[in-house]
Structure formats: C-alpha cells, structure tokens
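I am opening a fresh page for this structure and will jot down what I look up as I go. Come along and keep the 3D view open beside these notes.

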Amino acid sequence: MGDRLPGDFRKSTVDERRHMVAGAHPGLDATAFGRDDEMVELADVMVESSVGYLALPLGVATGFLIDGERVDVPLATEEPSVIAASTYAARIIARGGGFETTGGETITTGQIYVEHAAPDADQRIVAHEERLRLTVAPLLAAMEARGGGWRGIRSCRLPDSGLLRLEVDIDTRDAMGANLVNSVVEHLRQDVEALSSGRVVMAILSNAGTRRIRRARIAVPVSILARGGVPGPEVARRIVLANDIAREDPARAVTHNKGIMNGVTALALATGNDTRAVEAAAHAYASRDGTYRALTRYRLDERPDGSRLLRGELEMPVPLGTVGGAIGIHPTARASLALLGDPDAATLAGIAVSAGLAQNLAALTALVTEGIQRGHMGLHAERVAWVAGARGEERRLVAAAMRARGEYGTNAAKEALAEVRSQGGARKGAER
Ligand code: MEV
C-alpha cells in the first residue's frame, strides 16, 4: 500500500496527478495510464481526477446479415473468444437467412416520486398534463425538431408506501436521453408539488428501458449445425434443451445471459454507450415475471418438406444511443459507428440484439458439443505465449505449437518459444 493521495488531487493537472500517483506508489509506471496525449486530454475532459485511459482490444465480428443488410460489428472486449464466436455464429445464421429484428421505440421514461400527495393528486396531475408539457417545452424544443419530445405522463400509487409515482415518457430519438430526461423531471418538480400538494422525494430517469425493447429472430436449418462429430439435428435438440434449462434454473440463466451480454455490452462499449444502463435493463427484464430467466427462446420447427429449422429469439431492452454523451466526443466510438454505417439508435439496438443472439448460439453450440474450453484455450494460447515473451510472428508459432500439443501452461509456452528460437524461426516478426 502506498501513501494516500492528497485531497486536492482533482484540482491538479493530469501530469501532476501522475507524479503524485507515482510518488505514492513506488515502482508504479504512470505512463502505463496511456501514452497518447490527445486521449489523455480527452479523458481529462470526460471525467474528474483522470490520470489517463484504459486501452481495451476492439475487433470486428464479420458476416452478420441483419434485416437483409450485411453488417460488420465492432466489439470492444477483453475476452478472447467473443469476436471469434460472434463471427462463427453470424456466418451460420446468415446461411439461414440472417437476423430479423423488430421493435425499436426510442422512449426513455423519467420518474417522479411524491410524498404526502393529496388523495386526488393522481387525477389532478394527469388532468394538467398540458400545463406540465408547456413547463418543459423549452427543454424539449430541440428534441421535438428531431421528431421526438413529450409522449405522455402516467401516475400510480406504490403498493406498500402509498407514495405517488409519476412517469413521464420522452421520445429521445437517437440519444439515450439520460441527461435530457433527468433535466425534464427535475424541472417539473415545482409544478408537481403545486398540483399534488405533496413533496417531491426525487426525480430521475428509469433504467428499466421497457419502451426500448428490441427483438432478433433467427431460423437455422438444423443440418448446418453439426459440430464436433455431433449431427446437426442432435445439436439443435440439445440447444433447445440447454435453453430450457436456463429458463428454468436462475443460476444457469445468469451465465447464459452473461454470454448474451458478451455481445451486447461489447458493442455498447465500442460505440461509447453506457454499458451499466444496458446491463441493468437486461437483467431486470430477465426477471420480469419474478424469476430470473434466460432472455432467449429456442424451438424446433418442421417445414412442409420435412426438413427442420432451429428457431431462436432474443428479446430485451436496449437503451443505446448514437448521439450525445461520450459518443460524440470519443474518436473510437465515432469510428465504430462509422464502421456500422452511422445507424440510428433503433438500428443500433437491432444490431446489439443480433450480436447477443449470435453470442448465445455460439456458446450453446459449443457447450452441448465439444465444450467451451477447447475453443477458449486455443484463443488463450496467444496470451500465454505473450506472457512467456513471444512477440510478433513468434507469438503465433508458439501458440500453434501449444495448440498442437494441447498444452496451455506458461511452461509449455516457454518450451515452445525456446524451440522456435532455436530453429531461428520468426526473427523478423519478433523484431517488428
Ligand atoms: C463466457 O464468457 C460465456 C458463456 O459462459 C456463456 C454460456 O455459458 O452460455 C460461455
């Protein structure tokens, strides 16, 4: 443990903060907090007390066919198998006609909780909707010009406390809308207190995202699902069974849905979105009937010609934006959106559920056939090779040798590296 950092840490410059951190923690290399000056400055603009930025891998999962369009999907993740798994499943799904997405509302809901409200406050508030709408009209003018804006107000009483709860729906179009909706509900505070004769406890958006539900559906001929010596129809049967288990057993559902979020969150991160909002909405939706369940459904379908299809569906809230927040100022987020063809928020949400469903199909296919470790360890090999000191082309040669032997420990990597070097292989790559 090093010394504590001073209380006025946040008031210093990034360079000063780095010095303080390095001084308090001998041996710590503060340049590891990022070496790109522009990114260091941007990080300082984005958050308080910044010392730099974290660089994560960003890759592109190729081969998605979504609503008839070819899409390559940028994913930011530290997990080795996510991009490979997405690409694998996207190709299989494309052979079955691709993803079909539906839904696409872009409404964010703000909540206002009121204590000591008069018995008829609910009706009074709703009867005065026009007054409330006009109060916040200046805040919503720009959003209205973009086709969004006020979409209504609802009231109810919380069952236990009897508190009055108001919900204001705002169509925030391509923005996730957190700042705008928070401003709107805070701005309504005075009017709500006057109309309800109560006191506003708090006013904030809801992250439930239930007016941002997106669905992706796939239909894959079972014949193309064969894997690891297991015939396609049997793989399909086992996928349905695995999904049924995750609908019945909450402890398995958590892992199942985590796999879905491997795709959804990685896309949210690549595009500069609020990953916690997406995660919170997804997990709340997974437990909407009182039990935490898989977000996906699968079934087998027979076609008139006797051939069979595996039908899969993912339905979940996807509160993603394509403007505002970090999205507009982070160059990587902007490049990711450009790679996607600058989609609107509803289209991006459709891509997210497709990425989630692809991840899930890939995970279930591996789990019910050869298991997950085989693919994972194969990808993990390059990391172990890196840790053992292999660089450039050496890294690939060492990983290939480890895969061939089926040995993935550091010692195996060191041995393979010594062998590669003794054979004089890959010197060029290592020097690069
Ligand atoms: C690993 O990141 C994700 C999986 O565990 C998902 C699943 O079990 O369905 C493979």
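Before turning to the ligand, I noted what I count as a polar contact: a pair of N or O atoms within 3.5 Å. I also wrote at the top of the page that this is a predicted model.

**Entry: the ligand**

I began with Arg252 and found a polar atom of its side chain 2.8 Å from an oxygen atom of the ligand. Next I looked up Lys258, where an N or O atom of the side chain is 2.7 Å from a ligand oxygen. For Asn262, I noted 2.9 Å between an N or O atom of the side chain and an oxygen atom of the ligand. How much of the ligand's accessible area does the protein cover? I read 87% of the 300 Å² that the ligand has on its own.

I then listed the surroundings of the ligand, which include Glu79, Thr255, His256 and Gly259. Ala363, Leu367 and Ile372 are also among them.

**Entry: two helices that meet**

Arg252 sent me to helix H10, where this residue takes part in the contact with helix H9. H9 spans residues 232–248 and H10 spans residues 250–270. Their axes come within 6 Å and cross at roughly 120°. On the H9 side I found Asn243, Ile245, Ala246 and Glu248; they meet Pro250, Arg252, Ala253 and His256 of H10. Sorted by class, this contact has four nonpolar, two polar and two charged residues.

**Entry: the four-stranded sheet**

In which order do the four strands of the open sheet run? I traced E5-E6-E4-E7, with antiparallel pairing. Strands E5 (149–157) and E7 (199–205) are the edges, each pairing on one side only. From one strand to the next, the twist averages 20°.

I followed E5 and E6 (residues 164–171) along their eight antiparallel bridges. Gly149 stands opposite Asp171 of E6.

Which helices lie across these strands? I found H6 (residues 137–145) across E5 and E6, at about 125° to E5. H7 (residues 178–187) lies across E4 (107–115), E6 and E7, and runs at about 165° to E7.

**Entry: a hairpin**

Last, I looked at strands E1 (residues 58–66) and E2 (residues 69–76), which pair in the antiparallel sense over seven bridges. Gly59 has Leu75 in E2 as its bridge partner. Two residues sit between the strands of this hairpin, and I noted that Asp67 takes a positive phi near 50°.

How values were computed:
Residues numbered from 1 in each chain as written. Predicted model: local features only at pLDDT ≥ 70, side-chain atom pairs only at ≥ 80, totals over all residues. Heavy atoms only, no water. Pairing = 2+ DSSP bridges. Axes fitted to C-alpha atoms, helices over the stretch in contact; angles between N-to-C directions. Contact = heavy atoms within 4.5 Å. Nonpolar A, V, L, I, M, F, W, Y, C, P; charged D, E, K, R; others polar. Near = heavy atom within 4 Å. Polar contact = N/O pair within 3.5 Å; in protein donor to acceptor, adjacent residues only side chain to side chain. Areas by Shrake-Rupley, 256 points an atom, 1.4 Å probe, with all protein chains shown as cover.
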